[in-house]
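Colleague: I would like to go through this structure with you slowly, one question at a time. Could you put the sequence and the model in front of us before we begin?

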Amino acid sequence: MAKFPSFHSVLLASQKTIFRFPLETILTILGTVFAISLSEERNDTMENFYTKSIMCCSLCLVLFLSVSLYFSATQKNSWIRFLTSLLLGGLVTTFIFSFSEKITDVEALQFLVLDIAFHLLVSFAGFLPKAYDQEEFWEFNKQLFLRILTAGLYSVVLYSGLSLAILAVHHLFNVDFYDKIYLHLFFIIAGIFNTLFFLSGVPETNNGSTPLILKYPKGLKNFTQYVLLPLISIYLVILICYETKILVTLSLPVGWVSNLVLVFAIFGILSFLLVHPIAEETENLWMRTFNRWFYYLLVPLLGLLFWAILYRINLYGFTHERYYVLALSIWLTIVVAYFIIKKEPKIKFIPITMCITALLTILGPQSADTISKNSQLSRFESYLQKIEKEKLTFEQEQDLSSIVDFLEENYGSEVLLPFAKDKLTALIKKDKNPNSSQIMMALGLQYRSDYDRKERNNTEYFYNFYENNNQNIENIQGYDMSFSILNTEDLECNDCITIDNKSYSIISTKKEYGVDLQINQDIVPLKIVDFVNQTPDFDYNENWKQKITQKIETPKYTILIYYMNVGGERKGNKKTVNQFQIKVLLGIKN
(Lines give C-alpha, C1' and ligand atoms only; values in the text may rest on other atoms or scores of the structure.)
Protein backbone atom coordinates (compact mmCIF):
# COMPACT_ATOMS: atom_id res chain seq x y z
CA MET A 1 0.00 0.00 0.00
CA ALA A 2 1.35 3.40 -1.00
CA LYS A 3 2.46 5.56 1.91
CA PHE A 4 2.28 9.32 1.56
CA PRO A 5 5.18 11.28 3.02
CA SER A 6 4.40 13.20 6.18
CA PHE A 7 4.74 16.97 6.41
CA HIS A 8 7.70 16.47 8.75
CA SER A 9 9.55 14.27 6.26
CA VAL A 10 8.91 16.77 3.44
CA LEU A 11 10.21 19.57 5.67
CA LEU A 12 13.35 17.56 6.52
CA ALA A 13 13.99 16.78 2.83
CA SER A 14 13.59 20.46 1.92
CA GLN A 15 15.91 21.50 4.74
CA LYS A 16 18.51 18.95 3.61
CA THR A 17 18.34 20.24 0.01
CA ILE A 18 18.70 23.88 1.10
CA PHE A 19 21.72 23.12 3.33
CA ARG A 20 23.29 20.99 0.60
CA PHE A 21 22.77 23.64 -2.11
CA PRO A 22 22.48 27.02 -0.32
CA LEU A 23 23.75 29.23 -3.14
CA GLU A 24 21.62 27.40 -5.69
CA THR A 25 18.54 27.94 -3.51
CA ILE A 26 19.24 31.66 -3.18
CA LEU A 27 19.63 31.96 -6.96
CA THR A 28 16.37 30.09 -7.50
CA ILE A 29 14.47 32.53 -5.30
CA LEU A 30 16.22 35.57 -6.81
CA GLY A 31 15.51 34.40 -10.36
CA THR A 32 11.82 33.94 -9.52
CA VAL A 33 11.61 37.40 -7.93
CA PHE A 34 13.28 38.94 -10.98
CA ALA A 35 10.86 37.12 -13.33
CA ILE A 36 7.83 38.38 -11.40
CA SER A 37 9.29 41.91 -11.30
CA LEU A 38 9.93 41.79 -15.06
CA SER A 39 6.30 40.88 -15.74
CA GLU A 40 5.21 44.01 -13.83
CA GLU A 41 7.85 46.39 -15.19
CA ARG A 42 7.16 49.03 -17.87
CA ASN A 43 10.46 50.92 -17.73
CA ASP A 44 12.90 49.90 -20.50
CA THR A 45 15.99 50.34 -18.30
CA MET A 46 14.60 48.15 -15.52
CA GLU A 47 13.31 45.58 -18.02
CA ASN A 48 16.83 45.30 -19.39
CA PHE A 49 18.22 44.89 -15.84
CA TYR A 50 15.68 42.20 -14.88
CA THR A 51 16.20 40.30 -18.14
CA LYS A 52 19.96 40.17 -17.68
CA SER A 53 19.54 39.29 -14.00
CA ILE A 54 17.36 36.32 -14.91
CA MET A 55 19.96 35.20 -17.46
CA CYS A 56 22.67 35.46 -14.78
CA CYS A 57 20.62 33.46 -12.26
CA SER A 58 19.92 30.77 -14.86
CA LEU A 59 23.59 30.38 -15.80
CA CYS A 60 24.98 30.67 -12.26
CA LEU A 61 22.48 28.13 -10.92
CA VAL A 62 23.83 25.43 -13.24
CA LEU A 63 27.44 26.56 -12.78
CA PHE A 64 27.14 26.55 -8.98
CA LEU A 65 25.61 23.06 -9.11
CA SER A 66 28.66 21.87 -11.07
CA VAL A 67 30.99 23.44 -8.52
CA SER A 68 29.03 21.86 -5.66
CA LEU A 69 29.24 18.40 -7.25
CA TYR A 70 32.97 18.81 -7.83
CA PHE A 71 33.78 19.88 -4.26
CA SER A 72 31.39 17.29 -2.84
CA ALA A 73 33.47 14.63 -4.59
CA THR A 74 36.72 16.10 -3.26
CA GLN A 75 35.22 16.52 0.25
CA LYS A 76 37.07 19.84 0.71
CA ASN A 77 36.02 22.72 2.93
CA SER A 78 32.76 24.40 1.93
CA TRP A 79 34.21 27.92 2.10
CA ILE A 80 36.52 27.09 -0.85
CA ARG A 81 33.48 25.89 -2.76
CA PHE A 82 31.54 29.07 -1.99
CA LEU A 83 34.48 31.32 -2.89
CA THR A 84 34.99 29.49 -6.21
CA SER A 85 31.28 29.75 -7.01
CA LEU A 86 31.18 33.47 -6.26
CA LEU A 87 34.31 34.20 -8.34
CA LEU A 88 32.99 32.26 -11.33
CA GLY A 89 29.54 33.78 -10.84
CA GLY A 90 31.10 37.25 -10.93
CA LEU A 91 32.72 36.47 -14.29
CA VAL A 92 29.42 35.21 -15.70
CA THR A 93 27.56 38.29 -14.42
CA THR A 94 30.16 40.61 -15.95
CA PHE A 95 29.83 38.80 -19.28
CA ILE A 96 26.02 38.99 -19.34
CA PHE A 97 25.86 42.65 -18.31
CA SER A 98 28.32 43.50 -21.10
CA PHE A 99 25.53 42.68 -23.57
CA SER A 100 23.84 45.49 -25.50
CA GLU A 101 20.98 47.41 -23.94
CA LYS A 102 18.69 45.58 -26.33
CA ILE A 103 20.03 42.04 -26.46
CA THR A 104 20.90 41.04 -30.04
CA ASP A 105 20.39 37.65 -31.66
CA VAL A 106 24.15 37.04 -31.47
CA GLU A 107 24.20 37.71 -27.72
CA ALA A 108 21.16 35.48 -27.21
CA LEU A 109 23.03 32.74 -29.09
CA GLN A 110 26.09 33.22 -26.85
CA PHE A 111 23.86 32.87 -23.78
CA LEU A 112 22.30 29.69 -25.17
CA VAL A 113 25.68 28.09 -25.97
CA LEU A 114 27.05 29.01 -22.52
CA ASP A 115 23.94 27.53 -20.91
CA ILE A 116 24.43 24.28 -22.85
CA ALA A 117 28.11 24.18 -21.82
CA PHE A 118 27.24 24.56 -18.13
CA HIS A 119 24.56 21.85 -18.34
CA LEU A 120 27.14 19.52 -19.89
CA LEU A 121 29.53 20.44 -17.06
CA VAL A 122 27.02 19.14 -14.50
CA SER A 123 27.15 15.69 -16.14
CA PHE A 124 30.85 15.14 -15.40
CA ALA A 125 31.94 17.71 -12.75
CA GLY A 126 31.45 15.24 -9.89
CA PHE A 127 33.70 12.66 -11.60
CA LEU A 128 36.72 14.87 -12.32
CA PRO A 129 38.40 14.56 -8.89
CA LYS A 130 37.80 10.81 -8.41
CA ALA A 131 38.67 7.54 -10.08
CA TYR A 132 36.46 7.13 -13.11
CA ASP A 133 33.88 4.34 -13.12
CA GLN A 134 31.89 3.91 -16.35
CA GLU A 135 28.83 2.37 -14.71
CA GLU A 136 28.69 5.02 -11.96
CA PHE A 137 28.94 7.78 -14.56
CA TRP A 138 26.10 6.33 -16.62
CA GLU A 139 23.90 5.74 -13.57
CA PHE A 140 24.49 9.29 -12.27
CA ASN A 141 23.39 10.86 -15.55
CA LYS A 142 20.45 8.47 -15.86
CA GLN A 143 19.22 9.57 -12.43
CA LEU A 144 19.68 13.24 -13.38
CA PHE A 145 17.69 12.76 -16.57
CA LEU A 146 14.86 10.94 -14.83
CA ARG A 147 14.80 13.57 -12.08
CA ILE A 148 14.36 16.31 -14.70
CA LEU A 149 11.39 14.45 -16.18
CA THR A 150 9.86 13.77 -12.76
CA ALA A 151 10.28 17.38 -11.64
CA GLY A 152 8.65 18.56 -14.86
CA LEU A 153 5.70 16.20 -14.39
CA TYR A 154 5.15 17.20 -10.76
CA SER A 155 5.37 20.89 -11.68
CA VAL A 156 2.80 20.58 -14.48
CA VAL A 157 0.37 18.71 -12.22
CA LEU A 158 0.85 21.14 -9.32
CA TYR A 159 0.45 24.22 -11.53
CA SER A 160 -2.66 22.79 -13.22
CA GLY A 161 -4.23 21.87 -9.89
CA LEU A 162 -3.58 25.23 -8.24
CA SER A 163 -4.74 27.14 -11.33
CA LEU A 164 -8.02 25.21 -11.34
CA ALA A 165 -8.41 25.87 -7.61
CA ILE A 166 -7.97 29.63 -8.15
CA LEU A 167 -10.42 29.50 -11.04
CA ALA A 168 -12.97 27.62 -8.91
CA VAL A 169 -12.72 30.14 -6.05
CA HIS A 170 -13.15 32.98 -8.54
CA HIS A 171 -16.31 31.56 -10.10
CA LEU A 172 -17.90 29.96 -7.02
CA PHE A 173 -17.23 32.69 -4.47
CA ASN A 174 -16.89 35.74 -6.76
CA VAL A 175 -13.38 36.39 -5.47
CA ASP A 176 -11.41 38.63 -7.83
CA PHE A 177 -7.70 37.92 -8.11
CA TYR A 178 -5.19 40.25 -9.72
CA ASP A 179 -4.67 39.85 -13.48
CA LYS A 180 -1.26 38.15 -13.47
CA ILE A 181 -1.81 35.61 -10.72
CA TYR A 182 -1.55 32.66 -13.13
CA LEU A 183 1.69 33.97 -14.63
CA HIS A 184 3.21 34.60 -11.19
CA LEU A 185 2.08 31.16 -10.03
CA PHE A 186 3.85 29.68 -13.07
CA PHE A 187 7.07 31.52 -12.15
CA ILE A 188 6.90 30.25 -8.55
CA ILE A 189 6.20 26.64 -9.54
CA ALA A 190 8.69 26.55 -12.44
CA GLY A 191 11.30 28.62 -10.65
CA ILE A 192 11.25 27.54 -7.02
CA PHE A 193 9.33 24.27 -6.69
CA ASN A 194 10.64 22.64 -9.87
CA THR A 195 14.27 23.57 -9.14
CA LEU A 196 14.25 22.53 -5.46
CA PHE A 197 12.45 19.29 -6.31
CA PHE A 198 15.14 18.54 -8.90
CA LEU A 199 18.00 19.47 -6.55
CA SER A 200 16.60 17.21 -3.83
CA GLY A 201 17.11 14.24 -6.15
CA VAL A 202 20.62 15.03 -7.43
CA PRO A 203 22.70 11.94 -6.51
CA GLU A 204 26.03 12.18 -4.71
CA THR A 205 29.07 10.86 -6.55
CA ASN A 206 31.22 10.11 -3.50
CA ASN A 207 28.91 8.79 -0.80
CA GLY A 208 29.70 5.33 0.54
CA SER A 209 26.31 4.93 2.23
CA THR A 210 24.40 5.48 -1.04
CA PRO A 211 26.71 4.26 -3.85
CA LEU A 212 25.76 4.63 -7.49
CA ILE A 213 24.81 1.14 -8.65
CA LEU A 214 23.84 0.56 -12.27
CA LYS A 215 20.11 -0.13 -12.72
CA TYR A 216 19.05 -0.30 -16.35
CA PRO A 217 15.30 0.38 -16.86
CA LYS A 218 13.54 -2.15 -19.08
CA GLY A 219 11.35 0.59 -20.56
CA LEU A 220 14.44 2.48 -21.73
CA LYS A 221 15.75 -0.63 -23.41
CA ASN A 222 12.48 -1.20 -25.28
CA PHE A 223 12.23 2.45 -26.34
CA THR A 224 15.80 2.50 -27.66
CA GLN A 225 15.65 -0.92 -29.31
CA TYR A 226 12.24 -0.71 -30.96
CA VAL A 227 11.76 3.04 -31.57
CA LEU A 228 14.98 5.08 -31.56
CA LEU A 229 17.36 2.67 -33.31
CA PRO A 230 14.97 1.83 -36.20
CA LEU A 231 14.39 5.55 -36.83
CA ILE A 232 18.12 6.23 -36.86
CA SER A 233 18.63 3.33 -39.25
CA ILE A 234 16.07 4.83 -41.65
CA TYR A 235 17.87 8.19 -41.64
CA LEU A 236 21.19 6.41 -42.13
CA VAL A 237 19.91 4.63 -45.25
CA ILE A 238 18.52 7.91 -46.64
CA LEU A 239 21.80 9.76 -46.09
CA ILE A 240 23.95 6.97 -47.54
CA CYS A 241 21.71 6.82 -50.62
CA TYR A 242 21.89 10.61 -51.01
CA GLU A 243 25.67 10.56 -50.75
CA THR A 244 25.82 7.82 -53.38
CA LYS A 245 23.58 9.92 -55.64
CA ILE A 246 25.78 13.02 -55.51
CA LEU A 247 28.90 10.90 -56.13
CA VAL A 248 27.33 9.24 -59.17
CA THR A 249 25.83 12.46 -60.62
CA LEU A 250 28.79 14.64 -59.52
CA SER A 251 26.28 17.18 -58.16
CA LEU A 252 26.76 19.49 -55.19
CA PRO A 253 25.05 18.68 -51.86
CA VAL A 254 22.13 20.90 -50.83
CA GLY A 255 22.92 23.26 -47.95
CA TRP A 256 20.58 21.81 -45.33
CA VAL A 257 21.97 18.27 -45.66
CA SER A 258 24.68 19.27 -43.15
CA ASN A 259 21.98 19.94 -40.56
CA LEU A 260 20.40 16.56 -41.28
CA VAL A 261 23.74 14.76 -40.85
CA LEU A 262 24.37 16.58 -37.55
CA VAL A 263 20.90 15.73 -36.22
CA PHE A 264 21.39 12.09 -37.22
CA ALA A 265 24.83 11.98 -35.58
CA ILE A 266 23.73 13.61 -32.33
CA PHE A 267 20.67 11.37 -31.96
CA GLY A 268 22.84 8.41 -32.90
CA ILE A 269 25.33 9.28 -30.16
CA LEU A 270 22.43 9.69 -27.72
CA SER A 271 21.22 6.20 -28.65
CA PHE A 272 24.77 4.90 -28.27
CA LEU A 273 24.91 6.33 -24.74
CA LEU A 274 21.47 4.97 -23.84
CA VAL A 275 22.30 1.37 -24.84
CA HIS A 276 25.93 1.45 -23.67
CA PRO A 277 25.52 -0.51 -20.40
CA ILE A 278 23.80 -3.46 -22.12
CA ALA A 279 25.24 -3.18 -25.62
CA GLU A 280 27.66 -6.10 -25.20
CA GLU A 281 25.16 -8.55 -23.75
CA THR A 282 24.82 -11.61 -25.99
CA GLU A 283 21.00 -11.52 -26.15
CA ASN A 284 21.04 -7.95 -27.50
CA LEU A 285 22.29 -8.70 -31.03
CA TRP A 286 20.69 -5.62 -32.62
CA MET A 287 22.15 -3.29 -29.99
CA ARG A 288 25.55 -4.98 -30.09
CA THR A 289 25.70 -4.55 -33.86
CA PHE A 290 24.72 -0.88 -33.61
CA ASN A 291 27.27 -0.24 -30.85
CA ARG A 292 30.06 -1.84 -32.89
CA TRP A 293 29.43 -0.24 -36.28
CA PHE A 294 27.83 3.14 -35.55
CA TYR A 295 31.02 5.24 -35.60
CA TYR A 296 32.38 3.49 -38.70
CA LEU A 297 29.15 4.31 -40.54
CA LEU A 298 29.55 7.95 -39.57
CA VAL A 299 32.86 8.26 -41.47
CA PRO A 300 31.39 8.63 -45.01
CA LEU A 301 28.72 10.98 -43.64
CA LEU A 302 31.44 13.19 -42.17
CA GLY A 303 32.80 13.63 -45.68
CA LEU A 304 29.35 14.73 -46.87
CA LEU A 305 29.03 17.05 -43.88
CA PHE A 306 32.35 18.83 -44.49
CA TRP A 307 31.70 19.03 -48.22
CA ALA A 308 28.35 20.75 -47.69
CA ILE A 309 29.40 23.27 -45.04
CA LEU A 310 32.82 24.18 -46.51
CA TYR A 311 31.20 24.77 -49.90
CA ARG A 312 28.74 27.24 -48.30
CA ILE A 313 31.50 28.97 -46.33
CA ASN A 314 33.62 29.30 -49.49
CA LEU A 315 30.71 30.97 -51.31
CA TYR A 316 29.24 33.18 -48.58
CA GLY A 317 31.78 33.33 -45.76
CA PHE A 318 31.20 32.60 -42.09
CA THR A 319 28.03 33.40 -40.21
CA HIS A 320 27.31 32.22 -36.67
CA GLU A 321 25.13 29.39 -37.95
CA ARG A 322 27.79 28.14 -40.41
CA TYR A 323 30.47 28.52 -37.74
CA TYR A 324 28.58 26.28 -35.33
CA VAL A 325 27.88 23.69 -38.03
CA LEU A 326 31.63 23.57 -38.77
CA ALA A 327 32.51 23.49 -35.04
CA LEU A 328 30.13 20.59 -34.46
CA SER A 329 31.55 18.83 -37.52
CA ILE A 330 35.08 19.10 -36.12
CA TRP A 331 33.90 17.95 -32.68
CA LEU A 332 32.07 15.01 -34.25
CA THR A 333 35.21 14.02 -36.18
CA ILE A 334 37.24 13.98 -32.94
CA VAL A 335 34.60 11.84 -31.20
CA VAL A 336 34.42 9.37 -34.11
CA ALA A 337 38.23 9.07 -34.25
CA TYR A 338 38.40 8.54 -30.47
CA PHE A 339 35.81 5.76 -30.39
CA ILE A 340 37.28 4.01 -33.42
CA ILE A 341 40.92 4.14 -32.25
CA LYS A 342 40.44 3.65 -28.50
CA LYS A 343 39.96 0.02 -27.45
CA GLU A 344 38.17 0.88 -24.21
CA PRO A 345 36.67 4.35 -24.77
CA LYS A 346 35.17 6.32 -21.90
CA ILE A 347 31.74 7.78 -22.55
CA LYS A 348 32.56 10.86 -20.44
CA PHE A 349 34.74 11.92 -23.39
CA ILE A 350 31.55 12.99 -25.25
CA PRO A 351 30.19 15.62 -22.79
CA ILE A 352 33.67 16.83 -21.79
CA THR A 353 34.76 17.55 -25.37
CA MET A 354 31.40 19.10 -26.29
CA CYS A 355 31.56 21.36 -23.22
CA ILE A 356 35.09 22.51 -24.12
CA THR A 357 34.05 23.10 -27.74
CA ALA A 358 31.07 25.19 -26.65
CA LEU A 359 33.21 27.33 -24.31
CA LEU A 360 35.81 27.94 -27.02
CA THR A 361 33.16 29.29 -29.40
CA ILE A 362 31.98 32.06 -27.05
CA LEU A 363 34.99 34.34 -26.47
CA GLY A 364 38.37 34.95 -28.03
CA PRO A 365 39.82 35.28 -31.54
CA GLN A 366 38.53 31.78 -32.40
CA SER A 367 34.96 32.52 -31.25
CA ALA A 368 31.90 32.43 -33.49
CA ASP A 369 31.33 36.15 -33.09
CA THR A 370 34.88 37.22 -33.98
CA ILE A 371 35.30 34.92 -36.98
CA SER A 372 31.83 35.63 -38.40
CA LYS A 373 32.22 39.40 -38.02
CA ASN A 374 35.70 39.47 -39.59
CA SER A 375 34.63 37.17 -42.41
CA GLN A 376 31.68 39.35 -43.44
CA LEU A 377 33.67 42.58 -43.04
CA SER A 378 36.33 41.14 -45.32
CA ARG A 379 33.68 40.28 -47.92
CA PHE A 380 32.18 43.77 -47.56
CA GLU A 381 35.61 45.32 -48.17
CA SER A 382 36.25 43.17 -51.23
CA TYR A 383 32.92 44.24 -52.75
CA LEU A 384 33.72 47.93 -52.19
CA GLN A 385 37.04 47.43 -53.96
CA LYS A 386 35.21 45.76 -56.83
CA ILE A 387 32.72 48.65 -57.09
CA GLU A 388 35.57 51.02 -57.98
CA LYS A 389 36.52 48.87 -60.98
CA GLU A 390 33.23 47.49 -62.33
CA LYS A 391 29.46 47.53 -62.01
CA LEU A 392 28.06 44.81 -59.76
CA THR A 393 25.70 42.22 -61.20
CA PHE A 394 22.25 41.61 -59.75
CA GLU A 395 23.53 38.55 -57.85
CA GLN A 396 26.50 40.47 -56.45
CA GLU A 397 24.25 43.33 -55.28
CA GLN A 398 22.00 40.76 -53.63
CA ASP A 399 24.97 39.13 -51.90
CA LEU A 400 26.31 42.51 -50.72
CA SER A 401 22.84 43.42 -49.43
CA SER A 402 22.80 40.25 -47.31
CA ILE A 403 26.27 41.13 -45.94
CA VAL A 404 25.07 44.62 -45.00
CA ASP A 405 21.96 43.09 -43.39
CA PHE A 406 24.10 40.76 -41.26
CA LEU A 407 26.56 43.44 -40.12
CA GLU A 408 23.95 46.16 -39.53
CA GLU A 409 21.61 43.92 -37.54
CA ASN A 410 24.32 42.38 -35.34
CA TYR A 411 26.97 45.08 -34.97
CA GLY A 412 25.46 48.37 -36.12
CA SER A 413 26.29 50.46 -39.16
CA GLU A 414 29.37 52.07 -37.56
CA VAL A 415 31.47 48.92 -38.13
CA LEU A 416 31.24 49.64 -41.86
CA LEU A 417 32.78 53.12 -41.64
CA PRO A 418 36.49 52.12 -41.79
CA PHE A 419 35.87 50.28 -45.07
CA ALA A 420 33.52 52.73 -46.82
CA LYS A 421 35.94 55.61 -47.50
CA ASP A 422 33.62 58.37 -46.24
CA LYS A 423 30.70 57.12 -48.32
CA LEU A 424 28.65 56.48 -45.19
CA THR A 425 29.87 59.34 -42.99
CA ALA A 426 27.16 61.81 -43.99
CA LEU A 427 24.43 59.19 -43.68
CA ILE A 428 25.44 58.12 -40.16
CA LYS A 429 25.77 61.73 -39.00
CA LYS A 430 22.21 62.28 -40.17
CA ASP A 431 20.86 58.95 -38.86
CA LYS A 432 22.75 56.92 -36.24
CA ASN A 433 20.82 53.77 -37.10
CA PRO A 434 20.30 53.70 -40.88
CA ASN A 435 18.75 50.57 -42.38
CA SER A 436 20.35 48.35 -45.01
CA SER A 437 18.46 49.98 -47.86
CA GLN A 438 19.78 53.43 -46.89
CA ILE A 439 23.34 52.08 -46.57
CA MET A 440 23.23 50.49 -50.01
CA MET A 441 21.81 53.71 -51.48
CA ALA A 442 24.64 55.72 -49.89
CA LEU A 443 27.10 53.35 -51.55
CA GLY A 444 25.44 54.09 -54.89
CA LEU A 445 23.82 50.65 -55.13
CA GLN A 446 20.35 49.13 -55.09
CA TYR A 447 19.26 47.07 -52.09
CA ARG A 448 18.29 43.52 -53.15
CA SER A 449 16.47 41.27 -50.70
CA ASP A 450 16.68 37.48 -50.77
CA TYR A 451 13.17 37.41 -52.25
CA ASP A 452 14.03 39.51 -55.31
CA ARG A 453 14.42 37.88 -58.68
CA LYS A 454 16.58 39.02 -61.54
CA GLU A 455 13.81 38.61 -64.05
CA ARG A 456 10.87 40.67 -62.81
CA ASN A 457 7.30 39.68 -63.42
CA ASN A 458 6.24 42.58 -65.60
CA THR A 459 2.55 41.93 -65.08
CA GLU A 460 2.57 42.15 -61.27
CA TYR A 461 4.12 44.26 -58.52
CA PHE A 462 4.13 44.09 -54.74
CA TYR A 463 5.51 46.47 -52.12
CA ASN A 464 5.78 45.51 -48.46
CA PHE A 465 7.25 47.54 -45.63
CA TYR A 466 8.48 45.48 -42.68
CA GLU A 467 7.98 47.04 -39.27
CA ASN A 468 8.66 45.28 -35.99
CA ASN A 469 5.64 46.17 -33.87
CA ASN A 470 6.84 44.30 -30.80
CA GLN A 471 6.74 46.78 -27.91
CA ASN A 472 6.73 49.58 -30.52
CA ILE A 473 5.78 53.08 -29.28
CA GLU A 474 5.19 55.61 -32.04
CA ASN A 475 5.52 59.36 -31.70
CA ILE A 476 2.47 61.04 -33.35
CA GLN A 477 3.31 64.55 -32.23
CA GLY A 478 1.41 67.03 -34.42
CA TYR A 479 -1.41 64.56 -35.00
CA ASP A 480 -4.45 63.67 -32.93
CA MET A 481 -5.14 60.03 -33.80
CA SER A 482 -3.89 57.09 -35.81
CA PHE A 483 -5.65 54.08 -37.37
CA SER A 484 -5.20 51.47 -40.11
CA ILE A 485 -7.24 50.92 -43.27
CA LEU A 486 -7.28 47.73 -45.37
CA ASN A 487 -8.79 47.23 -48.79
CA THR A 488 -10.58 44.09 -47.56
CA GLU A 489 -12.83 45.88 -45.07
CA ASP A 490 -14.17 49.37 -44.47
CA LEU A 491 -13.47 51.14 -41.20
CA GLU A 492 -16.45 52.35 -39.19
CA CYS A 493 -15.95 53.94 -35.79
CA ASN A 494 -18.79 56.10 -34.50
CA ASP A 495 -18.02 58.60 -31.73
CA CYS A 496 -14.77 56.76 -31.16
CA ILE A 497 -12.66 59.66 -29.87
CA THR A 498 -13.24 63.00 -28.15
CA ILE A 499 -10.87 65.92 -28.72
CA ASP A 500 -11.44 69.34 -27.07
CA ASN A 501 -14.91 68.23 -25.97
CA LYS A 502 -15.86 67.35 -29.55
CA SER A 503 -16.69 63.80 -30.59
CA TYR A 504 -15.32 62.39 -33.85
CA SER A 505 -16.51 59.49 -36.02
CA ILE A 506 -14.22 57.91 -38.61
CA ILE A 507 -15.59 55.96 -41.60
CA SER A 508 -13.68 54.67 -44.65
CA THR A 509 -15.33 53.64 -47.93
CA LYS A 510 -13.45 51.90 -50.73
CA LYS A 511 -13.49 53.70 -54.10
CA GLU A 512 -11.93 53.07 -57.52
CA TYR A 513 -9.24 55.71 -56.84
CA GLY A 514 -8.60 54.45 -53.30
CA VAL A 515 -10.60 55.40 -50.22
CA ASP A 516 -13.03 58.07 -49.12
CA LEU A 517 -12.19 59.01 -45.53
CA GLN A 518 -15.19 60.49 -43.72
CA ILE A 519 -14.45 62.52 -40.60
CA ASN A 520 -17.84 63.38 -39.06
CA GLN A 521 -19.55 65.09 -42.04
CA ASP A 522 -16.36 65.91 -43.97
CA ILE A 523 -15.15 63.58 -46.74
CA VAL A 524 -11.47 63.53 -47.76
CA PRO A 525 -10.58 61.42 -50.83
CA LEU A 526 -7.38 59.38 -50.42
CA LYS A 527 -6.23 58.89 -54.02
CA ILE A 528 -4.08 55.83 -53.44
CA VAL A 529 -4.07 54.63 -57.07
CA ASP A 530 -2.76 57.95 -58.42
CA PHE A 531 -0.05 58.10 -55.74
CA VAL A 532 1.08 54.53 -56.45
CA ASN A 533 1.41 55.31 -60.17
CA GLN A 534 3.34 58.50 -59.48
CA THR A 535 5.77 56.87 -57.02
CA PRO A 536 8.41 54.57 -58.59
CA ASP A 537 9.44 53.13 -55.20
CA PHE A 538 6.43 50.82 -55.34
CA ASP A 539 8.05 48.99 -58.26
CA TYR A 540 10.77 47.51 -56.08
CA ASN A 541 10.10 44.74 -53.62
CA GLU A 542 13.51 45.38 -52.10
CA ASN A 543 12.28 48.66 -50.60
CA TRP A 544 10.76 46.64 -47.77
CA LYS A 545 12.90 48.60 -45.31
CA GLN A 546 12.16 51.97 -46.93
CA LYS A 547 9.00 53.60 -45.58
CA ILE A 548 6.80 55.32 -48.22
CA THR A 549 4.57 58.16 -46.99
CA GLN A 550 1.95 60.46 -48.52
CA LYS A 551 0.86 63.76 -46.97
CA ILE A 552 -2.52 65.39 -47.64
CA GLU A 553 -3.48 68.90 -46.49
CA THR A 554 -7.06 70.21 -46.34
CA PRO A 555 -8.42 73.36 -44.69
CA LYS A 556 -9.51 71.32 -41.65
CA TYR A 557 -7.12 68.34 -41.53
CA THR A 558 -3.53 67.21 -41.96
CA ILE A 559 -3.29 63.56 -43.04
CA LEU A 560 -0.09 61.48 -43.17
CA ILE A 561 -0.36 58.04 -44.79
CA TYR A 562 2.18 55.25 -44.18
CA TYR A 563 2.01 52.55 -46.85
CA MET A 564 2.46 49.15 -45.20
CA ASN A 565 1.84 47.03 -48.31
CA VAL A 566 0.47 47.55 -51.81
CA GLY A 567 0.06 45.01 -54.60
CA GLY A 568 -1.58 44.72 -57.99
CA GLU A 569 -1.07 44.38 -61.74
CA ARG A 570 0.73 46.38 -64.40
CA LYS A 571 -1.16 47.29 -67.54
CA GLY A 572 1.21 49.12 -69.83
CA ASN A 573 2.58 52.10 -67.93
CA LYS A 574 -0.17 52.02 -65.34
CA LYS A 575 -0.57 50.02 -62.17
CA THR A 576 -3.82 48.82 -60.69
CA VAL A 577 -4.18 48.45 -56.92
CA ASN A 578 -5.72 45.13 -55.91
CA GLN A 579 -4.67 45.16 -52.28
CA PHE A 580 -3.32 47.65 -49.78
CA GLN A 581 -2.85 48.33 -46.11
CA ILE A 582 -2.17 51.86 -44.90
CA LYS A 583 -1.62 53.51 -41.52
CA VAL A 584 -3.23 56.93 -41.23
CA LEU A 585 -2.17 59.74 -38.87
CA LEU A 586 -4.86 62.41 -38.64
CA GLY A 587 -4.29 65.92 -37.33
CA ILE A 588 -7.19 68.34 -36.72
CA LYS A 589 -6.45 71.98 -37.47
CA ASN A 590 -7.78 74.65 -35.14
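Colleague: The charged end of lysine 373 sits over a ring, so to speak; which residue does that ring belong to, and how far is its centre?

Modeller: Please keep in mind throughout that this is a predicted model. A charge is taken to sit over a ring when, among other conditions, the NZ atom of a lysine is within 6 Å of the ring centre. The charged end of lysine 373 meets this rule with the ring of tyrosine 411, whose centre is at a distance of 5.2 Å.

Colleague: Over the face of which residue does arginine 147 lie?

Modeller: For an arginine the atom that counts is CZ, and the limit is again stated as within 6 Å of the ring centre. Arginine 147 lies 4.1 Å from the centre of the ring in question, and that ring is the one of phenylalanine 197.

Colleague: Phenylalanine 95 and phenylalanine 99 form an aromatic pair; of what kind is it, and are the two residues buried or exposed?

Modeller: A residue is called buried when its relative accessible area is under 20%. Phenylalanine 95 has 15% and therefore counts as buried, and phenylalanine 99, with 6%, counts as buried too. Their ring centres are 5.2 Å apart with 75 degrees between the planes, and because planes over 60 degrees apart are classed in this way, the pair is edge-to-face.

Colleague: How many aromatic pairs does the count come to?

Modeller: Rings are paired when their centres lie within 6.5 Å. One aromatic cluster includes Phe264, Tyr295 and Phe349. By this rule the count of aromatic pairs comes to 26.

Colleague: Is helix 5 largely enclosed or exposed, and why?

Modeller: Helix 5 runs over residues 105-125 and reaches 30 Å from its first C-alpha to its last, close to the expected 30 Å. Of its 21 residues, 15 are buried, so by the rest of the structure helix 5 is largely enclosed.

Colleague: Which residues does serine 123 touch, leaving aside those up to four places away in sequence?

Modeller: Serine 123 is found in helix 5, and with a relative accessible area of 9% serine 123 is buried. Serine 66 is 57 residues away in sequence, yet the C-alpha atoms of serine 123 and serine 66 are 8.1 Å apart in space. The residues that serine 123 touches are Phe137, Phe140, Asn141 and Pro351.

Colleague: At roughly what angle do the axes of helix 2 and helix 4 cross?

Modeller: The axes of helix 2, residues 22-40, and helix 4, residues 78-96, come within 11 Å, and they cross at roughly 35 degrees.

Terms used: Residues numbered from 1 in each chain as written. Predicted model: local features only at pLDDT ≥ 70, side-chain atom pairs only at ≥ 80, totals over all residues. Heavy atoms only, no water. Axes fitted to C-alpha atoms, helices over the stretch in contact; angles between N-to-C directions. Helix = DSSP H or I, 4+ residues; strand = E, 2+ residues; numbered from the N terminus. Phe/Tyr/Trp six-rings, centres within 6.5 Å; stacked < 30°, edge-to-face > 60°. Buried < 20%, exposed > 50% of the residue type's maximum accessible area, 1.4 Å probe, protein only. Lys NZ or Arg CZ within 6 Å of the ring centre and 35° of its normal. Expected span 1.5 Å × (residues − 1). Contact = heavy atoms within 4.5 Å.
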